[in-house]
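Q: Could you take me on a close look at one part of this model, the second largest pocket, and then at the pieces of chain around it? I'm new to this, so please keep it friendly.

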Amino acid sequence: MNSIKTPKENIILVPTDLSTASTHAMDHAVGIAELFDNQITLLYVVEEGFFKSIFSGGMDKAVMVDTINAKLLEKAEAIKANHPNLTINTLVREGKVYKQIIEVSQTYACDSIVMGFSGASGMERFMGSTTTRVLKSSEVPVVIVKDVRSNVKYEKIVLPIDLTKESRQKVDWAIHVAKQYNSEIHVIMEIEKDEFLAKRLKASLKQVENILAKNGVKYTSKILDDIEYPEHFGKDVVQYSEEISADLIMIMTQKETGVQDYLRIGSFARHIIHESKNTPVMGIKPKQTVTYWATESFA
């Protein structure tokens with residue numbers, strides 16, 4: 001398919017269907033790009049089989065592609081008008097949406113993916129299985145955005161932690177983001193009734209606190225009890241985030257099972273994405289590791 005080439009350099013990928021939700025994602029990506037000196041690539045994926053369904057009506061494929069390209073360029077120019085120092089690229093692809101998003105992110109070595117999400121009333125391809133598949137498959141962080149914000153400032157980052165070694169990588173990312181935004185990280189854990197697990201939980205929390213302090217990052221920590229937070233961990237995370245008016249929730253997107261079996265993309269992440277009213281959610285896929293993070297410290 002005819003498309004505009006994108007250079008491989010420091011790119012935030014923004015999948016868009018030109019809806020309000022994806023416009024929020026564009027605005028959010030702009031805020032990140034200005035701070036981290038990123039380029040932005042706007043990606044429109046034409047659903048697999050879409051052209052076949054419209055050919056009977058006499059519509060020309062090339063005309064449709066040119067129309068989409070023109071709309072993307074219009075969006076790009078609108079962003080450039082207010083942010084002249086940013087580089088905005090555009091791409092049009094055809095196929096399964098989530099597969100094209102992942103393929104483009106890999107082909108152009110993107111730093112992150114920022115996607116819009118508007119709940120039950122949103123476009124189907126930016127909901128449910130597509131969002132879940134992108135989160136599960138992406139090797140780079142995926143930020144899910146629900147609302148419009150005048151500026152992007154991750155002043156309060158909620159960091160749910162469990163006892164798995166994959167949580168180390170989430171702490172790494174939280175430190176990276178916090179140093180750029182001068183953020184305060186809110187480390188939260190769910191209370192554990194088993195005495196042995198409760199001791200491990202407190203030891204892990206103490207170590208995270210030490211790591212954050214060593215890296216000069218502001219933090220606060222809390223073990224969520226069953227009285228104030230009586231629901232499952234996913235719902236409690238959303239409740240806590242709303243109480244403190246959080247700017248970002250960080251989650252792992254695979255294998256974060258540990259003590260809480262619901263810490264999976266299938267339930268935990270999906271619940272947070274659907275139930276969080278306006279807090280952006282950053283999903284991070286853990287990389288394979290053979291070491292236990294509880295025995296190591298950060299550089």
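A: Here is a walk through the pocket, and then through the elements that go with it.

One thing to keep in mind is that this is a predicted model. The second largest pocket has a volume of about 260 Å³. Its lining is made up of 15 residues, and those lying nearest the centre are Ile32, Phe36, Ser112, Trp173 and His176. Which elements give two or more residues to that lining? They are α1 (20–36), β4 (112–116) and α6 (167–181). Of these, α6 gives the most, with 4 residues. If you sort the lining by class, you get 11 nonpolar, 3 polar and 1 charged residues.

Now let's step off the ends of two of those helices. Between α1 and β2 there is a loop, and aspartate 37 lies in it. Its phi is near 60 degrees, which is a positive value in a residue other than glycine. Is aspartate 37 buried or exposed? The cut-off for exposed is over 50% relative accessible area, and aspartate 37 has 63%, so it counts as exposed.

The loop between α6 and β7 holds asparagine 182. Here too phi is positive in a residue other than glycine, this time near 55 degrees. Asparagine 182 has a relative accessibility of 53%, so it counts as exposed.

Follow the chain on from that loop and you meet strand β7. What about its surroundings? In β7 (residues 184–190), 6 of the 7 residues are buried, so the strand is largely enclosed by the rest of the structure. You can also look at the strands it pairs with. Strand β6 (residues 156–160) pairs with β7 in the parallel sense, over 5 bridges. One pair to find on your screen is proline 160 with its bridge partner in β7, isoleucine 188. Strand β8 (residues 218–224) also runs parallel to β7, and 7 bridges join the two. Here you can look for glutamate 190, whose bridge partner in β8 is leucine 224. To get from β7 to β8, the chain goes through helix α7 (residues 195–214), and this β-α-β crossover is right-handed.

Let's go back to the other loop, the one between α1 and β2 that holds aspartate 37. Strand β2 covers residues 39–47, and glutamine 39 lies in it. Buried means under 20% relative accessible area; glutamine 39 has 11%, so it is buried. What does its side chain touch? A polar contact of 3.1 Å joins the side chains of glutamine 39 and asparagine 89.

One last stop is helix α4 (residues 97–107). Its buried residues are Val97, Tyr98, Gln100, Ile101, Ile102, Val104 and Ser105. After α4 comes alanine 109, and its phi is positive, near 50 degrees.

So, to retrace the route: you began at a pocket lined by 15 residues, with α6 giving the most to that lining. From there you went on to β7, which is largely enclosed by the rest of the structure.

Note on methods:
Residues are numbered from 1 along each chain as its sequence is written. This is a predicted model: local features need pLDDT of at least 70, side-chain atom pairs count only at pLDDT 80 or more; totals for chains, interfaces and linings use all residues. Side-chain values use heavy atoms; hydrogens and water are left out. On a 1 Å grid over the protein atoms alone, a cavity is a set of points where a 1.4 Å probe fits but cannot get out, and a pocket is an open set with protein on both sides within 12 Å along at least five of seven lines; lining residues have an atom within 4 Å of a point. Grid points are joined across faces, edges and corners, and a volume is the space filled by probe spheres set on the points. Ala, Val, Leu, Ile, Met, Phe, Trp, Tyr, Cys and Pro count as nonpolar, Asp, Glu, Lys and Arg as charged, and the others, Gly among them, as polar. Buried means under 20% relative accessible area, exposed over 50%, partly exposed in between (1.4 Å probe, protein chains only). Two strands pair if DSSP finds at least two bridges between them. A crossover is right-handed if, with the strands pointing away from the viewer, the path from the first strand over the helix to the second runs clockwise. A polar contact is a pair of N or O atoms within 3.5 Å; within protein, one must be able to donate a hydrogen and the other to accept it, and residues adjacent in sequence count only if both atoms are side-chain atoms.
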